[in-house]
Amino acid sequence: MRFLISLCVSLLLLINGRRGVNCGANQVSQMRMSCSRAEKPSGQGPATSSSDPCYDYNTLDESWRDIRQSQSSGYDDTLVERSSWYRLYLNGESAQMSEWCVSYVRCGGETSLFLNGSHPTIEDGVVTREVLGTYWNSDCGSYRSTSIVKVKACPGDYYVYEFVKPNISAPGPMYCAVAFQSISSDPCYNYESLDRPWRANNESGNNICDESFSWNGWYRLFYYRMDIRMSETCVSSFTCNTYINLWLTDPHPQIEDGVVIREVCGSYHLGDCCEYNSNPIRVKACPGNYYVYELVSPPFGCVGYCTDISTISQPVSTVSPDIITGSSITLNYDPCKNYSILDNYWRSIIIYWYTNGYVNRHDDTLVEWDGWYRLFINGSSAQMPEWCVSYMSCGGYSSLWIGDSHPRLEDGVVTREIYGSRNDQCSRYRSDPIQVKACPGNYYVYKFTRPTLSIPAPVYCAVPVSIPSVDPCYNYTSLDEPWRATDHYNLGMCDSNVEWNGWYRLFYNGQNAQMPESCVNQYTCGTSDPLWLNGSHPQLKDGVVTRQVCVSSWNGCCTYASHAIRVKACPGNYYVYEFVKPIFCGAYCVEASSQSIPSASTTTETIPSIQSITPPIITTETCESSSGSMSVSRCQLFEAGFPADVLHLNDPSCKGTVRNGRVEFHYDNDEHICGTNLMANGTHFIYDNFILGTPRSEKILKLSFSCVYPQTQMLSMNVEINPLESIVHKTLPAGEGRYRVRMIPYQDDEFTRPFTGAVDAELDQEMHVEVRVEGVDSRQFALVMDTCWATPVNDPDYRLRWDLIVSE
């Protein structure tokens with residue numbers, strides 16, 4: 001059976017192309033501790049014995065008694081009448097009194113009460129325990145209650161207490177409670193590996209805060225895949241990359257001890273070794289000479305669990321799977337079409353640690369990376385920064401950025417180094433390299449892998465990018481505020497209070513100006529923290545570029561280097577800037593010495609005026625593939641006051657050529673772009689440029705011209721398959737361009753053996769058809785086969801058809 005194949009082929013600008021799915025790093029909710037009992041609280045315990053308090057008690061379930069409550073709620077147990085036995089619960093889970101020193105202002109009151117001694121065993125029966133309290137900056141347990149508490153251990157692994165009214169000189173005393181999760185499986189074989197070498201007591205630094213992490217369950221500690229333990233001795237402050245260092249006050253248990261509870265102390269340089277008391281944790285010794293810890297969130301300040309470098313043992317195998325980083329660059333699929341979307345607002349380089357409620361709790365070493373990713377920020381396309389990003393940006397502690405420029409389309413998949421920042425050291429850390437690919441549509445995809453574990457809380461950073469819909473050189477807001485000059489001193493101005501929107505051109509008292517490119521003094525530019533451009537301004541041929549913004553402060557010229565803006569050079573020797581809100585109080589600077597020739601303006605506006613020419617200048621346009629040209633009568637230009645040598649295209653280096661009495665201008669997409677802008681309106685793509693003339697007068701000539709091409713073409717084969725090609729021929733009106741679409745059938749999937757002569761194709765016979773477009777820039781366009789169908793006769797609109805490809 002012979003048939004006609006008709007293909008509908010669409011040339012699409014892949015700009016703003018993205019999938020509508022938001023993915024992000026999984027976040028584990030904070031752990032809620034629970035007890036080992038399954039019983040729920042009731043008004044009273046089961047009265048199976050009139051004399052045994054294990055079966056005759058009242059329940060006390062008040063969540064604010066939790067030792068993790070780090071602020072007073074105004075409660076006071078001296079105001080409560082107690083006269084019986086009680087069993088403690090926290091949020092419906094069985095609990096017990098604390099045996100460990102509890103810091104002041106906990107458990108809902110001012111003075112935290114805990115038992116001075118361990119709980120009894122069942123064999124001990126009813127015992128008496130002294131009650132101690134901590135208040136304000138006193139030593140742990142420095143206050144004693146004259147009232148004592150009776151305690152009894154009960155079958156079922158719980159305790160009952162005969163609470164009495166506390167009698168203590170400290171204000172607001174409260175009995176404290178603590179609960180632990182029930183253990184459903186042996187934590188020696190059900191733990192998460194925590195390989196964080198920066199926790200060791202030989203590491204210096206600060207600002208890693210464990211209360212920001214989402215702890216959940218049991219952990220085994222490693223140091224570069226070697227076993228390591230928590231410290232059992234006082235740790236010097238500002239080690240372990242934190243302010244307050246947490247260590248165990250008692251030795252680690254033996255295997256026969258099972259799961260034990262250990263008090264955790266925090267040391268700081270202003271006090272003694274146990275100035276702070278953190279929440280207790282559970283610890284277990286495991287076969288194989290290692291330990292597991294049930295780590296929980298500390299209740300105060302910037303604190304962190306510390307490990308002891310002297311306890312490192314030889315490398316051992318772990319229960320957790322090996323971490324594999326990197327992969328072969330050889331691909332059997334296109335990652336530009338097979339990627340996951342990563343849209344996390346906190347990955348933005350302008351999200352600093354104190355922005356939006358302390359978001360520096362993310363850690364990309366906890367993410368299970370799988371395949372390729374495309375970055376978005378709030379639904380807008382983004383990419384990794386190519387410059388240093390300040391630490392504690394992007395939602396984590398160590399900000400990761402790419403150590404080289406992004407690839408071009410023709411480069412394919414490349415490998416790039418990844419660097420991480422720490423304090424004022426931009427390249428303090430180096431992570432494992434990743435693979436990157438540039439994609440049609442002006443975006444990139446990344447093969448993210450788990451960052452190196454020695455980097456504290458590393459996070460891949462992102463910066464938003466988008467193509468301006470119109471040329472910002474002719475669509476900007478004038479910004480003429482003299483206080484921004486580098487010779488103006490602090491006036492308390494804050495650009496973080498400005499709602500920036502779009503592109504801006506800088507003026508100084510009506511004259512053209514620009515941002516400084518070198519360090520400026522602190523307390524200038526009308527603010528305490530002036531912002532300057534870290535890098536040179538672009539040239540016209542560079543188009544829109546991204547530049548880092550630095551902040552001058554008391555400890556350096558570029559104390560903060562995470563902020564970036566976009567800049568473009570414009571015809572007429574000026575620049576436009578896409579300003580965004582800084583992350584703190586600072587102001588964009590204007591270089592007082594960069595003033596240029598005053599722009600043509602009236603008393604009401606500073607934007608140069610473009611005057612029309614009478615009579616209108618007649619032009620001739622030619623459009624072919626991805627190139628275009630315009631010619632203008634030389635005589636007519638001269639009469640209007642515009643000699644040929646003052647005319648140029650959008651790029652001033654693209655001058656005209658005088659030929660046969662006309663001035664001809666030409667652009668193409670090879671090496672002669674000449675500032676041409678590429679746009680799309682849904683049905684056509686448009687190349688837009690203009691001829692600009694600026695003689696030494698008040699007149700400015702601007703002649704715009706465009707080449708318009710349809711995005712969709714229909715292509716049909718002959719009745720008998722033409723083995724050479726089928727070509728679209730169209731006659732287009734002036735101003736519209738022409739390009740060639742080819743369709744060639746092949747016998748093999750390698751596209752090496754084309755069909756020859758007439759071909760009889762049977763139903764279900766496999767056929768391979770190549771479709772390609774000639775004359776357009778493949779770096780900017782992608783060819784998409786939208787629909788394809790076959791008809792039994794030489795008529796693509798025939799009512800009987802077989803759909804081969806149907807667009808979604």
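Trainee: Why is the disulfide of Cys494 and Cys585 called left-handed?

Mentor: The torsion about the S-S bond of Cys494 and Cys585 is about -75°, so the disulfide is left-handed. Keep in mind that this is a predicted model.

Trainee: What makes Cys494 and Cys585 a disulfide?

Mentor: Their sulfur atoms are 1.7 Å apart. The cut-off for a pair of cysteine sulfur atoms is within 2.5 Å, so the two count as a disulfide.

Trainee: Which parts of the chain does the pair tie together?

Mentor: Cys494 is in the loop between strand S32 (477–480) and strand S33 (504–508), and Cys585 is in the loop between strand S38 (574–578) and strand S39 (587–588). The parts are 91 residues apart in sequence, so the pair ties together separate stretches of the chain.

Trainee: Is Cys494 buried or exposed, and how do you know?

Mentor: Cys494 has a relative accessible area of 19%. Buried means under 20%, so Cys494 is buried.

Trainee: And what is Cys585 called?

Mentor: Cys585 stands at 27% relative accessibility. The class between under 20% and over 50% is partly exposed, so Cys585 counts as partly exposed.

Trainee: How many disulfides does a search of the whole structure find?

Mentor: The search finds 12 disulfides. One of them joins Cys394 to Cys461, with S to S at 2.0 Å. Its torsion of 105° about the S-S bond makes the link right-handed. Cys394 is in the loop between strand S25 (380–383) and strand S26 (398–402), while Cys461 is in the loop between strand S30 (458–460) and strand S31 (463–464), 67 residues apart. Both cysteines are buried.

Trainee: What is the hand of the link of Cys525 and Cys589?

Mentor: That link has 110° about the S-S bond and is right-handed. The sulfur atoms are 2.0 Å apart, and the limit of 2.5 Å is met, so the pair is a disulfide. Cys525 belongs to the loop between strand S34 (511–512) and strand S35 (530–534), and Cys589 to the loop between S39 and strand S40 (619–624), 64 residues apart. Cys525 and Cys589 are buried.

Trainee: What makes Lys437 and Asp334 a salt bridge?

Mentor: Their closest N and O atoms are 2.9 Å apart. The limit for a side-chain nitrogen of Lys or Arg and a carboxyl oxygen of Asp or Glu is 4 Å, so the pair qualifies. Lys437 lies in strand S28 (residues 425–439) and Asp334 in the loop between strand S22 (307–308) and strand S23 (340–343), 103 residues apart in sequence, so the pair ties those parts together.

Trainee: How are Lys437 and Asp334 classed by accessibility?

Mentor: Lys437, at a relative accessible area of 16%, is buried. Asp334, at 28%, counts as partly exposed.

Trainee: How many salt bridges does the structure hold?

Mentor: It holds 23 salt bridges. Side chains of opposite charge can pair when their charged atoms come close. Arg408 and Glu410 meet in one at 3.5 Å, N to O. Glu410 has a relative accessible area of 47% and is therefore partly exposed.

Trainee: What is the distance between the closest N and O atoms of Arg82 and Asp77?

Mentor: It is 3.6 Å, and the limit is 4 Å, so this pair is a salt bridge. Arg82 counts as buried at 15% relative accessibility, and Asp77 counts as buried at 2%. Both residues belong to a network of salt bridges with Glu62 and Arg65.

Trainee: Which residues have the most contacts inside the largest nonpolar core?

Mentor: They are Trp215, Met230, Ile281, Tyr293, Leu295 and Tyr305, in a core of 30 residues. Elements giving two or more residues to this core include strand S14 (218–223), strand S18 (259–267) and strand S19 (276–286). Apart from this core lies another of 24 residues, among them Ala485, Met515, Leu531 and Ala569.

Trainee: What does Tyr293 touch, leaving aside residues up to four places away in sequence?

Mentor: Its contacts include Trp218, Leu221, Met230, Leu248, Ile281 and Val283. Arg229, His252 and Arg282 are also among them.

Trainee: How much of the whole protein is buried?

Mentor: Buried residues make up 51% of the 808 residues. The protein has 1 helix and 53 strands.

Technical notes:
Residues are numbered from 1 along each chain as its sequence is written. This is a predicted model: local features need pLDDT of at least 70, side-chain atom pairs count only at pLDDT 80 or more; totals for chains, interfaces and linings use all residues. Side-chain values use heavy atoms; hydrogens and water are left out. Helices (H or I, at least four residues) and strands (E, at least two) are DSSP runs, numbered from the N terminus. Buried means under 20% relative accessible area, exposed over 50%, partly exposed in between (1.4 Å probe, protein chains only). A nonpolar core is a set of buried Ala, Val, Leu, Ile, Met, Phe, Trp, Tyr and Cys residues joined through side-chain atoms within 4.5 Å. Contact means heavy atoms within 4.5 Å.
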